[in-house]
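Me: Hi! I'm new to this one and would love a quick tour. Could you walk me through a few spots?

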Amino acid sequence: MQERHFNRKAYFDEQRATCKEFYLPYIQQAITLDANTRILEIGCGEGGNLAPFAEMGCQTTGIELLSWRVEQARAFFQSENLQGTFIAANIFDIDRHDMTFDVVILHDVIEHIVEKDRLLKQLHRFLKPDGVVFIAFPAWQMPFGGHQQMCHSRLLSHFPFLHLLPKSLYKLTLQAAGEPPEGISEMLNIKKTRTTIENFEHKIHDCQFVINRRTLWFINPHYKQKFGMYPRKLWKAIGHLPWIRNFFSTSCWYLLKEI
C-alpha cells in the first residue's frame, strides 16, 4: 500500500489533476459542459474527480457508500471553495425521481460490483435524455487487475498477476502475508466479478446502452500523477484481439448513451 492511500488529500489532488487533464476533455467529446450541466459520480470517494467539474461551474453530486469518505469530500470541497452535494448511501437504495443528470461517472467502481446488470439498468433512472455515462475500469487480467496494489504487504502490492492465482491459493497467500480480513474480502470480491472487456461490453448491450466512444490504455493516464509515466493507448492490433487485450489494458474507458 502506497503513502497516497493514507494521505487522502494528496489522493484528492491526484484525482483532480488527472480528471482535469484527461477525463473531463474525454467527456466533452460527447457532451457540452456548462453551468447548467448536472454531474453525478457513483463511488465518488473523496470527490477529486468532481472537483474540475465544480471549478467549471457544473452542478456536482457524489454518491459514496462509506460515510467517512463523504465527510472528507465535503471538507475538501469546502477548503477549495467548491460547491458540491455528497450523499452517503448505497446506489441501489436511492429511489428519487428528481435526481437526473447529464453526465454519470463510474471511475474504477464497476469492477467492485457483482450485480453489474442491476447497476447498469439503474443508471437509466439517473440519466437525462441525451445524457452520457463515463465508465473506466482496469481489465481483469492486466498485471494489477485485482487491485493488489492496495495490499498492506509491500511485496504483494508490487506483485503483478497475483490475482490470477486460483481462489484458494490466492486467499492463502493474502492470509499468509497478514492482510486484514476486510482487505481479503474485497480482493476476493474483485476476483469474483472478473471484469473483462468482453463481459462488460456484452452487459452494455443487454442493458440498453450503446458505445459512443471506447479507448483502451496500455499506460493508464492516471499513472502520470502516480508514477510520472506518460499515458499511452493500447496498440490497435492488440486492441482487436478478444481476451488477449485484457492482459495489456490497464484502463478501459467508455462513453455510453442510451439506445
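Me: By class, what residues does the lining of the second largest pocket have?
Reply: Happy to help, and keep in mind that this is a predicted model. The lining has three nonpolar, three polar and four charged residues.

Me: Which element gives the largest share of that lining?
Reply: That would be E6, with four residues. Strand E6 (209-219) and helix H10 (236-239) are the elements that give two or more residues each. Among the lining residues are Arg 213, Arg 214, Lys 233, Trp 235 and His 240.

Me: And what volume does the second largest pocket have?
Reply: About 240 Å³.

Me: New topic: is strand E5 largely enclosed or open?
Reply: Eight of the eleven residues of E5 (residues 127-137) are buried, so the strand is largely enclosed by the rest of the structure.

Me: Which strands does E5 pair with, and in what sense?
Reply: With strand E4 (residues 101-107), E5 pairs in the parallel sense over six bridges, and Ile 105 stands opposite Phe 134 there. With strand E8 (residues 251-258), the pairing is antiparallel over five bridges, and Phe 137 faces Cys 252.

Me: How does the chain cross from E4 to E5?
Reply: The path goes through helix H4 (residues 116-126), making a right-handed β-α-β crossover.

Me: One last spot: is Phe 77 buried or exposed?
Reply: Phe 77 is buried, with a relative accessible area of 2%. This residue lies in helix H3 (residues 67-79).

Me: What is Phe 77 in contact with, beyond its neighbours within four places in sequence?
Reply: Its contacts include Phe 12, Leu 50, Ala 54 and Phe 86. Phe 77 and Ala 54 are 23 residues apart in sequence and 9.1 Å apart in space, C-alpha to C-alpha.

How values were computed. Residues numbered from 1 in each chain as written. Predicted model: local features only at pLDDT ≥ 70, side-chain atom pairs only at ≥ 80, totals over all residues. Heavy atoms only, no water. Buried < 20%, exposed > 50% of the residue type's maximum accessible area, 1.4 Å probe, protein only. Contact = heavy atoms within 4.5 Å. 1 Å grid on protein atoms, 1.4 Å probe; cavity = no way out; pocket = protein on both sides within 12 Å on 5 of 7 lines; lining within 4 Å. Points joined across faces, edges and corners; volume = space filled by probe spheres on them. Nonpolar A, V, L, I, M, F, W, Y, C, P; charged D, E, K, R; others polar. Pairing = 2+ DSSP bridges. Right-handed = clockwise from strand over helix to strand, strands pointing away.
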